[in-house]
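This report describes selected structural features of one protein chain. Please consult the sequence and the model shown below while reading.

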Amino acid sequence: MIQTFQMPFFVFLVGKDFGARPAYLFALAYPKRVLGVITIGVPIMPPSPLKFDKNLPEGFYISRWQEPGRAETYFGCFDETVAQNIYILFSISEIPIAAKNQKIMDVVDPSTPIPPWFTEEDLAAYGALYEKSGFQTALQIPYRALREESGLINLIVKDPALYIMGSKDYVNKFPGIDYYIDIGRVKKFVPNLEIQYMSEGWHFVQEQSLARISA
């Protein structure tokens, strides 16, 4: 007779941007498996449908990219150019919002150089991947799943948690984010949370300051 033994596993969860949501959901669903949670750029938020976009103009990039077909038509024409524009667009301190008859990517000034910490080799690698896979999953999973209900009842993560945020990140200007973070409402859902702001950090702070984040 052969006996098998299943070894228990425990994890630290690290989620960047939209990765904060699955990290939070995993911690809620498997609390005995989680040792800690780190989110970068976006705080842990209760898994309820997106609401803050209601207080932003129609040209808000998340609202635009939630609309099936609209973004795909534009993204389908590009490869590494899209990756370049994304890094430029999100490496500013203002929320990306397009005018009424303007595409989101047209907000980017084509003469703007890529950030100094994002190399031409990085750009080519991203371009090759998107040229192969397209943008359907990149649009569907984060942007169009934001309005889905999780069905979870317990919404409190009791594990130790860390939130890392660049002080120049445009997400700081989302409606209500100051109340949620600075007033401390986030600790209603994550009571053991530590918040660390990086004074020169932008939205891609994990790439901009790789050594500090990894430490």
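## Salt bridge between Glu 200 and Lys 168

In this predicted model, Glu 200 and Lys 168 are joined through their side chains by a salt bridge, with an N to O distance of 2.9 Å. The two partners belong to distant parts of the chain, 32 residues apart: Glu 200 sits in the loop between strand E4 (193–198) and helix H8 (205–208), whereas Lys 168 sits in the loop between E3 and H7. Lys 168 has a relative accessible area of 29% and is therefore classed as partly exposed, since that class lies between the limits of 20% and 50%.

## The other salt bridges

The structure contains three salt bridges. One of them pairs Glu 94 with Lys 173, whose closest N and O atoms are 2.6 Å apart. Glu 94 is placed in the loop between helix H4 (80–89) and helix H5 (120–133), and Lys 173 in the loop between strand E3 (161–166) and helix H7 (177–182), so this pair ties together parts that are 79 residues apart in sequence. Both ends are partly exposed: Glu 94 has a relative accessibility of 45%, and Lys 173 has a relative accessible area of 43%.

A further salt bridge connects the side chains of Glu 58 and Arg 64, at 2.8 Å from N to O. Here the two ends fall into separate classes of exposure. Glu 58 is partly exposed at 44% relative accessibility, while Arg 64 is buried at 4%.

## Surroundings of Ala 98

Arg 64 also takes part in the contacts of Ala 98, a residue that touches Gly 59, Arg 64, Lys 103, Ile 104 and Val 107 when residues up to four places away in sequence are not counted. Ala 98 belongs to the loop between H4 and H5. Its relative accessibility is 7%, a value under the 20% limit, and Ala 98 therefore counts as buried. Between the C-alpha atoms of Ala 98 and Glu 121 the separation is 29 Å, although these residues are 23 residues apart along the chain.

## The parallel sheet

An open sheet is built from four strands, arranged in the order E1-E2-E3-E4 with parallel pairing. E1 and E4 are the edge strands, each pairing on one side only. From one strand to the next, the twist averages 15 degrees.

At one edge, E1 and E2 are paired in the parallel sense over six bridges, and Phe 12 stands opposite Gly 36 in E2. Five of the seven residues of E2 are buried, so this strand is largely enclosed by the rest of the structure. E3 and E4 likewise run parallel and are joined by six bridges. Within this pairing, Leu 162 has Glu 194 of E4 as its bridge partner.

## Helix H1 and the loop that leads to it

Helix H1 (residues 20–29) lies across E1 and strand E2 (34–40), and its direction makes an angle of about 155 degrees with E1. The loop between E1 and H1 includes Asp 17. The phi angle of Asp 17 is near 55 degrees, a positive value in a residue other than glycine. Asp 17 counts as buried, at 17% relative accessibility.

## Nonpolar patch at the surface

Which residues make up the nonpolar surface patch of about 340 Å²? The patch is made by Phe 10, Phe 12 and Leu 35. Phe 10 lies in the segment before strand E1 (11–16) and is partly exposed, with a relative accessibility of 46%. Phe 12, the residue standing opposite Gly 36, thus appears both in the strand pairing and in the patch.

## The loop after E2

Is Lys 54 buried or exposed? Lys 54 is exposed: its relative accessible area is 61%, and the class begins over 50%. This residue is located in the loop between E2 and helix H2 (61–65). Lys 54 and Ile 40 are 14 residues apart in sequence, and their C-alpha atoms are 24 Å apart in space.

Technical notes. Residues are numbered from 1 along each chain as its sequence is written. This is a predicted model: local features need pLDDT of at least 70, side-chain atom pairs count only at pLDDT 80 or more; totals for chains, interfaces and linings use all residues. Side-chain values use heavy atoms; hydrogens and water are left out. A salt bridge is a side-chain nitrogen of Lys or Arg within 4 Å of a carboxyl oxygen of Asp or Glu. Buried means under 20% relative accessible area, exposed over 50%, partly exposed in between (1.4 Å probe, protein chains only). Helices (H or I, at least four residues) and strands (E, at least two) are DSSP runs, numbered from the N terminus. Contact means heavy atoms within 4.5 Å. Patches are made of residues with over 30% relative accessible area and no salt bridge: like charges are joined within 9 Å, nonpolar side chains (Val, Leu, Ile, Met, Phe, Trp, Tyr) within 5 Å. Accessible areas come from the Shrake-Rupley method with a 1.4 Å probe; for residues, only the protein chains shown count as cover. Two strands pair if DSSP finds at least two bridges between them. Axes are lines fitted to C-alpha atoms, for helices over the stretch in contact, and angles run from 0 to 180 degrees between N-to-C directions.
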